[in-house]
Amino acid sequence: MHSVTLISATDFAGWRRAARHCVNMDVAPEHISWRVQGDVGSLFDSNLSSIEPTVESATAFTVPRSFLQLAELVILHRHAARFSVLYRLLWRLQREPQLMTLSVDEDVARANAMKDAVRRDIHKMKAFVRFREAPFTSPPRLIAWFEPQHHIVEAVAPFFMRRFPTLQWSILTPERSVHWDLKELRFGTGANKSEAPADDAAESLWLSYYASIFNPARLKVHTMQAHMPKRYWRNLPEAALIPHLIANATSRTEDMLHRTPAEPRRTRRPTRSSRTPSAAVSSNGDQDLDSLRTAVQGCRDCPLWKNATQAVFGEGRERAKIVFVGEQPGDQEDLAGRPFVGPAGKMLDRALVEAGVDRKLTYVTNAVKHFKFEPRGKRRIHKKPNEMEIAACNQWLQRELLAIKPTLIVALGATGARAVFGRATAIEKNRGRIIPSIEAAGGVHTTDVLVTVHPSYLLRVPPEDKQSAYERFVADLKLAQGYAGKR
Ligand code: URA
């Protein structure tokens with residue numbers, strides 16, 4: 001009997017080296033005991049011959065890529081049997097190369113179930129981490145408390161780093177903590193819930209936002225609980241509102257049906273200009289579009305302001321049901337200070353007319369508010385904004401959405417979709433359907449979303465595909481109009 005002691009619960013490299021070595025030595029799965037450094041040992045430990053997970057195997061062999069991808073996730077499962085389940089699969093693969101295709105096989109099924117559980121946990125962590133501002137820290141530090149089911153902190157941390165690159169934050173969990181200091185991710189030991197702030201100044205704003213976007217007419221308690229299982233509720237500030245919102249859903253729906261349509265709210269003129277973005281939020285938490293439009297001109301959160309003529313904020317109806325989110329202003333938009341007025345805007349206008357959408361009743365904006373370009377002679381050539389720039393600008397988009405509270409967001413192209421979902425989102429795979437808010441809720445907003453291509457794509461497609469690409473775009477816009485028009 002042999003033992004392998006891995007240096008940590010997620011030591012995939014160590015498991016892989018030791019497993020290769022054991023396969024080469026033809027050690028049967030039942031003859032290996034896998035453990036993690038620091039685990040309490042058994043009475044029989046001293047009888048085991050130890051295999052170091054640092055040994056490099058002399059003979060190389062290959063395994064299907066799908067197995068390695070599976071193993072990388074399974075190793076994050078919290079069940080102690082994960083190492084031996086994986087080793088048994090690896091060992092059997094040498095004799096049964098098609099093993100991974102047999103989904104009914106007991107080992108394959110068990111590993112797949114572990115992988116699915118880890119994936120779900122990763123998804124929940126991305127959706128349900130809630131940051132709060134730590135008191136008395138300068139610069140401000142955001143801290144979140146989360147209780148994952150599996151060993152996923154290292155796997156999820158880069159997601160939060162990409163999403164909040166310009167903020168200093170920590171995520172504390174019972175077994176692991178991770179800290180982002182604007183330069184690198186640092187991992188540490190577990191923490192106690194009492195080390196995370198219980199509340200902060202922004203919380204009441206977030207709670208009133210959550211309550212205001214909760215649509216009682218669309219309440220489906222089972223779907224809601226399936227997406228937000230109760231075990232996560234204790235760490236979600238908005239969960240405290242849910243029983244009350246559910247209890248009042250019926251009367252609120254009836255009230256909505258009987259209420260007469262109200263006049264749109266009048267916009268307030270900004271009373272002072274501002275250089276700093278945070279000045280857009282007045283002391284009572286109010287954020288109207290005009291003051292945001294003024295404040296964005298002072299934004300210095302990424303370097304794009306330096307070469308642009310001005311920030312181009314969104315424009316349209318303050319109470320629009322549909323908000324279109326493009327990429328960034330182009331050359332003409334940068335000069336005019338208005339979104340979608342150049343060639344892509346003309347294409348959008350034409351398709352909107354054909355789809356029966358009145359642009360004046362919608363709101364049109366961009367993921368990034370400054371024009372990014374490369375000078376070439378007298379021309380300014382459009383350059384795609386990078387992830388950092390999109391993340392730095394996302395606060396403005398979120399504030400626009402918070403002010404407008406649309407029924408539907410239409411993400412135009414990959415950059416728009418990244419800004420809306422907070423992650424890379426395939427356009428072709430996701431277009432043509434309304435993505436319910438709960439699925440799209442990676443960001444702060446919880447509005448339903450439709451993704452489609454960017455109108456500039458229609459200017460670039462080969463001539464033979466132009467008509468069909470245009471018709472599909474119009475069909476997407478009709479879907480948006482049909483959906484938002486009914487709500
Ligand atoms: N492309 C965009 O994404 N937005 C504009 O405003 C113009 C072109």
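**Sheet, helix packing and aromatic contacts**

Helix α5 lies across strands β4, β6, β7 and β8, and its direction makes an angle of about 145° with β8. The model described here is a predicted one. The sheet beneath this description is open and is formed by five strands in the order β4-β5-β6-β7-β8, with mixed pairing. Its edges are β4 and β8, the latter covering residues 185-189, and each of these edge strands pairs on one side only. From one strand to the next, the twist averages 20°. Strand β7, which spans residues 176-180, runs antiparallel to β8 and is joined to β8 by five bridges; within this part of the sheet, Ser177 is placed opposite Gly188 of β8.

A helix pair was also examined. Helix α2 (residues 65-74) and helix α3 (residues 82-93) have axes that come within 10 Å and cross at roughly 170°. Because angles over 145 degrees count as roughly antiparallel, α2 and α3 are therefore assigned to that class. On the α2 side the contact is made by Phe67, Leu70, Ala71 and Val74, and on the α3 side by Arg82, Leu86, Leu89, Leu90 and Leu93.

Turning to the aromatic side chains, the count of aromatic pairs comes to ten. One of them is formed by Trp15 and Trp34, with a distance of 6.1 Å centre to centre and an angle of 35° between the planes, and this pair is classed as tilted. Trp15 belongs to helix α1 (residues 12-24) and Trp34 to strand β2 (residues 32-36), so that the pair, whose members are 19 residues apart, links distant parts of the chain. Trp15 and Trp34 are both buried. These two residues also belong to one aromatic cluster, which they form together with Phe12, Phe83 and Tyr87.

In the pair of Phe131 and Phe164, the ring centres are 5.6 Å apart and the planes stand at 85°, so the arrangement is edge-to-face, given that planes over 60 degrees apart fall in this class. This pair likewise links distant parts of the chain, 33 residues apart: Phe131 is in strand β4 (residues 131-133), whereas Phe164 is in the loop between α5 (153-163) and β6 (168-172). Phe164 has a relative accessibility of 26% and counts as partly exposed.

Charged groups are also placed over aromatic rings. The charged end of Arg350 sits over the ring of Tyr470, at 4.2 Å from the ring centre, and the charged end of Arg380 sits over the ring of Phe373, at 4.9 Å from the ring centre.

Arg380 is also among the contacts of Phe371, a residue found in the loop between β11 (363-366) and β12 (373-376). With a relative accessibility of 2%, Phe371 counts as buried, since the buried class comprises values under 20%. When neighbours within four places in sequence are left aside, Phe371 is in contact with Leu304, Ala308, Gln328, Pro329, Gly330, Asp331, Asp334, Arg380 and His382. For one of these partners, Asp331, the separation from Phe371 is 40 residues in sequence and 7.1 Å in space, taken from C-alpha to C-alpha.

A further buried position is that of Thr415, which has a relative accessible area of 4% and is located in helix α14 (residues 413-421). Not counting residues up to four places away in sequence, Thr415 touches Glu327, Ala367, Lys384, Pro385 and Ile390.

Backbone conformation is noteworthy at Asp26 and Lys405. Asp26, although not a glycine, has a positive phi of about 55°; this residue is placed in the loop between α1 and β2 and is partly exposed, with a relative accessible area of 47%. Lys405, also not a glycine, has a positive phi of about 50°. Lys405 lies in the loop between α13 (387-404) and β14 (408-412), and a relative accessible area of 39% makes Lys405 partly exposed.

How values were computed:
Residues are numbered from 1 along each chain as its sequence is written. This is a predicted model: local features need pLDDT of at least 70, side-chain atom pairs count only at pLDDT 80 or more; totals for chains, interfaces and linings use all residues. Side-chain values use heavy atoms; hydrogens and water are left out. Rings of Phe, Tyr and Trp (its six-membered ring) pair if their centres lie within 6.5 Å; planes under 30 degrees apart count as stacked, over 60 as edge-to-face and the rest as tilted. Helices (H or I, at least four residues) and strands (E, at least two) are DSSP runs, numbered from the N terminus. Buried means under 20% relative accessible area, exposed over 50%, partly exposed in between (1.4 Å probe, protein chains only). A charge sits over a ring if NZ of Lys or CZ of Arg is within 6 Å of the ring centre and within 35 degrees of the ring normal. Two strands pair if DSSP finds at least two bridges between them. Axes are lines fitted to C-alpha atoms, for helices over the stretch in contact, and angles run from 0 to 180 degrees between N-to-C directions. Contact means heavy atoms within 4.5 Å. Angles under 35 degrees count as roughly parallel, over 145 as roughly antiparallel, 65 to 115 as roughly perpendicular and the rest as oblique.
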